[in-house]
Amino acid sequence: MLDVTHPSSSDDHGDAIPSDPREFAAKVNAWVPHDIVLKDAWFPLAHSFAVTAKPVRRAVYSQPYFLWREHGVALASEFHPAAGLIGAKSTFSDAAGRYPVIEKYGYVWGWFGNPANAAPEHVPSLPYLPEEGGLPLHMLGTVRFDCTAPLSLENLIDLTHADFLHADVVGDEIMDKETVEVFHDSETITMVRTCVNKSVAPIMKWFGGVKSDVQQVRQVIRIYLRSHAAIAYGRFSPGDNVQLFHPCVPETRDRTRLDYAMNTTNVKKTNLFRYLMPKASYKVSRQDSTMTSPQSPRYMHPEKRKDLHSPLDEAGQKYRVLMLALAERQARGDYAYRDNVSADCSDIIGYQKP
Ligand SMILES: [Fe+2]
């Protein structure tokens with residue numbers, strides 16, 4: 001395994017990952033995902049199409065976000081607009097109860113934190129989603145997890161789970177060789193998994209026109225820590241690239257909303273995979289839920305059973321430590337972004353532009 005720190009994190013503040021293995025392990029095991037509430041972040045609260053003149057309600061850590069449009073412009077408020085502007089209840093909105101809002105990549109993003117710190121450069125880079133949005137509805141969907149958002153993301157970034165839990169969709173664990181690389185900075189963690197001669201994903205065999213029994217696979221998970229949002233990018237040869245945006249908005253501390261977007265415009269229009277792959281998220285997310293939903297409440301009650309790990313799950317462990325480091329910094333009043341999440345990450349994820 002190889003760990004390469006992204007150059008942008010080489011600042012004066014040092015790395016959040018301890019070099020001492022015992023210190024590292026102590027942090028990994030101190031993890032209580034429900035206790036981590038990170039502020040000053042954009043959350044993709046709704047697909048753009050879902051926000052109209054009629055207000056919809058969303059939530060971040062139980063704080064209400066009403067979303068609607070006036071003259072086509074997306075707005076967000078603590079209150080239903082029909083209730084009138086009755087003044088801000090929280091420090092997260094302005095005097096009129098309004099939250100900072102931005103519309104990008106086909107999502108309405110709401111700012112969770114100090115409104116004075118909201119800035120467009122804190123919206124994560126999502127290279128394969130059109131900035132102006134407009135993907136067809138069959139590439140968008142919504143699922144929910146009865147699970148705390150960080151656990152859903154920790155599950156995602158250990159992609160080896162897919163071979164077992166989602167084998168009927170994306171293929172089993174049989175292959176000649178596998179390597180995992182992990183990159184991080186203070187705001188992101190990226191895992192790159194390369195598989196040589198891996199069993200073909202059944203969904204690609206049935207609907208993707210892939211004839212061979214094995215394929216070369218390169219899968220990337222990149223998590224934007226504060227926004228609780230992940231890029232899941234897969235390159236399959238033979239086969240089509242999978243371009244999924246997988247946000248995990250913490251509606252409450254133990255409930256997650258996933259308004260996903262899977263851009264399959266790269267797939268030929270005659271290929272059923274273009275239409276069916278985005279819908280596979282419903283099946284895959286139910287499989288994930290069987291694992292994470294029972295796991296989530298266990299962190300909320302002290303118990304003697306140990307929280308064990310494999311050193312092979314380097315990415316999941318570093319995800320925990322990086323989240324804890326952000327939480328510790330915020331507890332000290334430091335909400336600054338040390339790394340630029342909106343810088344184009346095409347090179348980091350190995351995205352091949354069409
Ligand atoms: Fe999964």
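This tour goes through a predicted model in four stops, with a selection to make at each.

**Stop 1: the two domains**

Colour residues 41-123 as domain 1 and residues 141-335 as domain 2, following the domain assignment of the protein chain. Taken over C-alpha atoms, the centres of domain 1 and domain 2 are separated by 27 Å. To show the contact, display 15 residues from domain 1 and 12 residues from domain 2. On the side of domain 1 that touches domain 2, the elements giving two or more residues are β2 and β3 (56-60). Of the elements there, β2 gives the most, with 7 residues. Colouring this side of domain 1 by residue class shows 9 nonpolar and 6 polar residues, and no charged ones.

**Stop 2: the sheet that contains β2**

Keep β2 selected and add β7 and β6, which gives an open sheet of 3 strands in the order β2-β7-β6, with antiparallel pairing. β2 (41-47) and β6 (101-104) are the edge strands; each has a single partner strand, so one side of each is left without a neighbour in the sheet. From one strand to the next, the twist averages 35°. Now zoom in on β6 and β7 (residues 107-112), which run antiparallel and are joined by 4 bridges. Within this pair, select K104, which stands opposite Y107 in β7.

**Stop 3: N271**

Move to the loop between β15 (255-262) and α6 (273-276), and select N271 there. Is N271 buried or exposed? N271 counts as partly exposed, because it has 16 C-beta neighbours inside 10 Å; the buried class needs 20 or more, and the exposed class 12 or fewer. Next, draw a distance from the C-alpha atom of N271 to that of F207: the value is 6.9 Å, although the two residues lie 64 residues apart along the chain. Then add G208 and G209, with which N271 is in contact when its neighbours within four places in sequence are left aside.

**Stop 4: helices α1 and α8**

Two packed helices are described by the angle between their axes and the distance between the axes. Select helix α1 (residues 21-29) and helix α8 (residues 314-331), whose axes come within 9 Å and cross at roughly 80°. α1 and α8 are therefore roughly perpendicular to each other. Show side chains for the residues that meet here:

- from α1, F24, K27 and V28;
- from α8, Q317, R320, V321 and L324.

By class, this contact of α1 with α8 has 4 nonpolar, 1 polar and 2 charged residues.

Definitions and conventions
Residues are numbered from 1 along each chain as its sequence is written. This is a predicted model: local features need pLDDT of at least 70, side-chain atom pairs count only at pLDDT 80 or more; totals for chains, interfaces and linings use all residues. Two strands pair if DSSP finds at least two bridges between them. Axes are lines fitted to C-alpha atoms, for helices over the stretch in contact, and angles run from 0 to 180 degrees between N-to-C directions. Domain bounds come from an automatic or database domain assignment. Two residues are in contact if their C-beta atoms, placed from the backbone, lie within 7 Å. Ala, Val, Leu, Ile, Met, Phe, Trp, Tyr, Cys and Pro count as nonpolar, Asp, Glu, Lys and Arg as charged, and the others, Gly among them, as polar. Angles under 35 degrees count as roughly parallel, over 145 as roughly antiparallel, 65 to 115 as roughly perpendicular and the rest as oblique.
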